[in-house]
Amino acid sequence: MTTPALLPLSGRRLPPLNLGASAFPHHRATLRLSEKFILLLILSAFITLCFGAFFFLPDSSKHKRFDLGLEDVLIPHVDTSKGGKNLGGFLIHGQGHDEHRHREEEERLRNKIRADHEKALEEAKEKLKKSRDEIQAEIQTEKNKVVQELKKKDSKPLPPVPLPNLIGINSGEPADLDIREKRNKVKEMMKHAWDNYRQYGWGHNELKPIARKGHSTNIFGNSQMGATIVDALDTLYIMGLHDEFREGQEWIDKNLDFSVNSEVSVFEVNIRFIGGLLAAYYLSGQEVFKIKAVQLAGKLLPAFNTPTGIPWAMVNLKSGVGRNWGWASAGSSILAEFGTLHMEFVHLSYLTGDPVYYNKVMHIRKLLQKMDRPNGLYPNYLNPRTGRWGQHHTSVGGLGDSFYEYLLKAWLMSDKMDTEARKMYDDAIEAIEKHLIRKSNGGLTFIGEWKNGHLERKMGHLTCFAGGMFALGADGSRDDKAGHYLQLGAEIAHTCHESYDRTTLKLGPEAFKFDGGVEAVAVRQNEKYYILRPEVIETYWYMWRFTHDPKYRQWGWEATQAIDKYCRVSGGFSGVKDVYSSSPTYDDVQQSFFLAETLKYLYLLFSNDDLLPLDNWVFNTEAHPLPVLHLANTTLSGNPAYR
Ligand code: DMJ
């Protein structure tokens, strides 16, 4: 039954029903459904009343014009010969008709209205016969139709591109029984983390394993974008957890929607979501991941609309409005954020044939190349309005880290064609070695932080990834210093292992000092936490791949046991607040990168090297493997996509 059928009876719309929430103190959807019931009842009562009036009131049509309140309503007419005024095939009623035709017309109209009302009544009765569930199902079907329509609009077909060489995406099962058991243990931990997220946090970004509910932070805005699902997919895949992978795929297909009014971190969304979706696409070949990655990338593009083309740190996915973190020096963007887009954006251009993504990241690179660097170091802050550096702070840990990583990986991912990126990496690493890398009195090599001309002798857990980076970059290094960089990687791995070994829980603190007799130990209370971070294990894995020194597997196993003992709770895995305390308290967060990175690197550490071989795959900074684009000139001007 539709309201327009009733309009002629009253000549005006029914006032909106105001059924306050107190009448239906349930869920909003239930309230809407109940409103529909009440509305239907009132309408049917109203129709019945009108019928009563229609049949029992005296028929005055013989004496005066039948008045349905239609004086101003246009009714169809073809004959204009009797003085009626034709308005585009319609005649204004009541202007000089002959009496007979007039009565016929009224009779026809009366019959039509009667038929309409009967039909409407029937429909209302039919609706009322249906159960609440049936009506709800009908509403849901209608909703689904709308969603499908929107989806169709969004998913433009992408051009077919030749797929890169996708080898080593399965198995890697070690022959050694002891190693196999360790690998199975890591897989079991992944299952525990996933199952609990599945049960208590499904669809939320992360899990609170103790409160057993969803969790999120401002990097994902206020939206529930299932960050853990997207981040975990490729780990599930390589571990052979295919049912879980399919569950995740189904959720993404049906629920992952980026048209949300939510302000997210461009960097985090890129490395976790776009990186995660692209890796899932390459591993599984399922188109849905590629389509979602491209849709999401489109939502990030407005962040680049700044006077310099250096993107904002955050963007509202719906409005496209961008801004920077309030805490960043003088409104600056962050080096590790705008400098960690290259790998994913090159793949997006490759898969879509659209150069827009490639051009954005190459523009950033060109701009950085032109700028003066104090002592050859890249400061962490760059103002996107003025194009000037902010504070002269340089770090290979937080705020700087993955910028250097992506220079090296851009070169590797291009099958070593992108020599410009390699040169920038070599230059940067030389300056870092000169100004930031030192040996402590106890002989531990560490990477400090440069702050306005002064070296802070402190290293972050995040900085520990650099051991793996030095080892990965050894081959192809300037002046054939491969041995030197492999050695540097080993020294950083050793220092970071010490930072774990010198704690009560055998888990590493967030930051540790090399000052005043203190070596590889956190001093400040707020630096003693461990939040399930991967960087130290990441370095063990790279060192293992390049040296096969069994100590790296041994160190990885120590970390696995410590995580299982101190971070595992019945509802998942949690970070701990103090790694020096024998009775630590939990932070109650299961970070999505624990599934994406920490457990993946551990699993790879206990797998054979033919699982995701480094000649064919390059891992983004969130451990999502992307294939090397072996096709000649793929990332350079030879590829039609970039011309
Ligand atoms: C991850 O999201 C990425 O590794 C990022 O580059 C740095 N930090 C976290 C994990 O610690």
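## The largest cavity

Which element gives the largest share of the lining of the largest cavity? In this predicted model, that share belongs to α12, with 4 residues. Helpful context comes from the whole structure, where a search finds 7 cavities of 30 Å³ or more. The largest cavity has a volume of about 140 Å³. Its lining is made up of 13 residues, and Gly339, His342, Val361, Arg365 and Phe403 are the closest to the cavity centre.

Two elements, α12 (356-370) and α13 (401-413), give two or more residues to this lining. As for chemistry, the lining residues of the largest cavity divide into 9 nonpolar, 3 polar and 1 charged.

## A three-stranded sheet

Now let's turn to a sheet elsewhere in the sequence numbering. Here 3 strands form an open sheet, arranged in the order β16-β17-β18 with antiparallel pairing. β16 (458-460) and β18 (518-521) are at the edges with a single partner strand each, so one side of each has no neighbour in the sheet. From one strand to the next, the twist averages 20 degrees.

If you would like to trace the pairing yourself, start with β16 and β17 (residues 511-515), which pair in the antiparallel sense over 3 bridges. Lysine 458 has lysine 513 in β17 as its bridge partner. In general, strands of a sheet pair through backbone hydrogen bonds, either parallel or antiparallel.

## The helix across the sheet

Helix α16 (residues 482-501) lies across β16, β17 and β18. Its direction is at about 105 degrees to β17.

Conventions: Residues numbered from 1 in each chain as written. Predicted model: local features only at pLDDT ≥ 70, side-chain atom pairs only at ≥ 80, totals over all residues. Heavy atoms only, no water. Pairing = 2+ DSSP bridges. Axes fitted to C-alpha atoms, helices over the stretch in contact; angles between N-to-C directions. Contact = heavy atoms within 4.5 Å. 1 Å grid on protein atoms, 1.4 Å probe; cavity = no way out; pocket = protein on both sides within 12 Å on 5 of 7 lines; lining within 4 Å. Points joined across faces, edges and corners; volume = space filled by probe spheres on them. Nonpolar A, V, L, I, M, F, W, Y, C, P; charged D, E, K, R; others polar.
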